Amino acid sequence: MNEQFKTWDSADFLKSEQDMADYLDACIEEAGDDPAFIAKALGTIARARGMTQVARDTGLSRESLYRALSGEGNPEFGTILKVIRALGLKLHASV
């Protein structure tokens with residue numbers, strides 16, 4: 001028996017803005033002190049939205065966004081803010 005498995009990609013399941021916001025909230029909770037985890041989550045959301053459009057909206061190249069949001073990159077906070085804004089998300093704090 002030869003079974004075929006597909007690699008899991010969370011981006012395939014982020015269909016609505018609410019899905020994307022909930023995913024980012026869950027990743028922020030899970031990340032702890034790991035900023036790369038959050039950057040990768042933003043990359044996943046950007047791929048779900050369409051990296052080309054996010055690149056246009058941020059004024060950054062697709063390649064630099066893929067690199068910065070891969071989980072291996074080290075994006076500047078300004079880049080993170082541009083991506084959050086381009087995705088239609090908002091950053092807020094609560095207690």
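**Exercise 1. The aromatic pair**

Task: In this predicted model, decide whether F13 counts as buried, partly exposed or exposed, and then work out how its ring sits against the ring of W8.

Solution:
- Step 1. Start with F13, which has a relative accessibility of 48%. Exposed means over 50% and buried means under 20%, so F13 counts as partly exposed.
- Step 2. Now do W8. Its relative accessible area is 64%, so W8 is exposed.
- Step 3. Next, which two numbers do you need for the rings? A pair of aromatic rings is described by the distance of the centres and the angle of the planes.
- Step 4. For W8 and F13, the centres are 4.5 Å apart and the planes make an angle of 10 degrees. Centres within 6.5 Å make a pair, and planes under 30 degrees apart count as stacked, so W8 and F13 form a stacked pair.
- Step 5. How many aromatic pairs does the structure hold? Just one.

**Exercise 2. Three salt bridges**

Task: Find the salt bridges, and say for each one which parts of the chain it involves and how exposed its two residues are.

Solution:
- Step 1. Keep the cut-off in mind: a side-chain nitrogen of Lys or Arg has to be within 4 Å of a carboxyl oxygen of Asp or Glu. With that rule you get three salt bridges.
- Step 2. Take K6 and D12, whose side chains meet at 3.5 Å, N to O. K6 is exposed at 73% relative accessibility, while D12 is partly exposed at 32%.
- Step 3. Move on to D9 and R47, with their closest N and O atoms 2.8 Å apart. Because D9 lies in the segment before α1 and R47 in helix α2, this pair ties together parts that are 38 residues apart in sequence. D9 is partly exposed at 22%, and R47 is partly exposed at 35%.
- Step 4. Finish with E17 and R49, where the closest N and O atoms are 3.9 Å apart. E17 belongs to helix α1 and R49 to helix α2, so the parts tied together are 32 residues apart in sequence. E17 is exposed at 52%, whereas R49 is partly exposed at 29%.

**Exercise 3. What S70 touches**

Task: Locate S70 and list the backbone atoms of R67 and G73 that its side chain meets.

Solution:
- Step 1. Look in the loop between α4 (62–68) and α5: that's where S70 lies.
- Step 2. Check the accessibility. S70 comes out at 27%, so it counts as partly exposed.
- Step 3. Go through the contacts of the S70 side chain. One of its polar atoms is 3.0 Å from the backbone oxygen of R67, and a polar atom is 3.4 Å from the backbone nitrogen of G73.
- Step 4. Relate S70 to W8 from the first exercise. The two are 62 residues apart in sequence, and their C-alpha atoms are 16 Å apart in space.

**Exercise 4. The largest pocket**

Task: Describe the largest pocket by its volume, its lining and the kinds of residue in that lining.

Solution:
- Step 1. Note the volume, which is about 280 Å³.
- Step 2. Look at the walls. The lining has 14 residues, and P35, I38, A39, F77 and I80 lie nearest the centre.
- Step 3. Assign elements. Those giving two or more residues are α1 (17–31), α2 (35–49) and α5 (77–86). Which element gives the most? α2 does, with five residues.
- Step 4. Sort the lining by kind: 12 residues are nonpolar, two are polar and none is charged.

Methods. Residues numbered from 1 in each chain as written. Predicted model: local features only at pLDDT ≥ 70, side-chain atom pairs only at ≥ 80, totals over all residues. Heavy atoms only, no water. 1 Å grid on protein atoms, 1.4 Å probe; cavity = no way out; pocket = protein on both sides within 12 Å on 5 of 7 lines; lining within 4 Å. Points joined across faces, edges and corners; volume = space filled by probe spheres on them. Helix = DSSP H or I, 4+ residues; strand = E, 2+ residues; numbered from the N terminus. Nonpolar A, V, L, I, M, F, W, Y, C, P; charged D, E, K, R; others polar. Buried < 20%, exposed > 50% of the residue type's maximum accessible area, 1.4 Å probe, protein only. Polar contact = N/O pair within 3.5 Å; in protein donor to acceptor, adjacent residues only side chain to side chain. Phe/Tyr/Trp six-rings, centres within 6.5 Å; stacked < 30°, edge-to-face > 60°.
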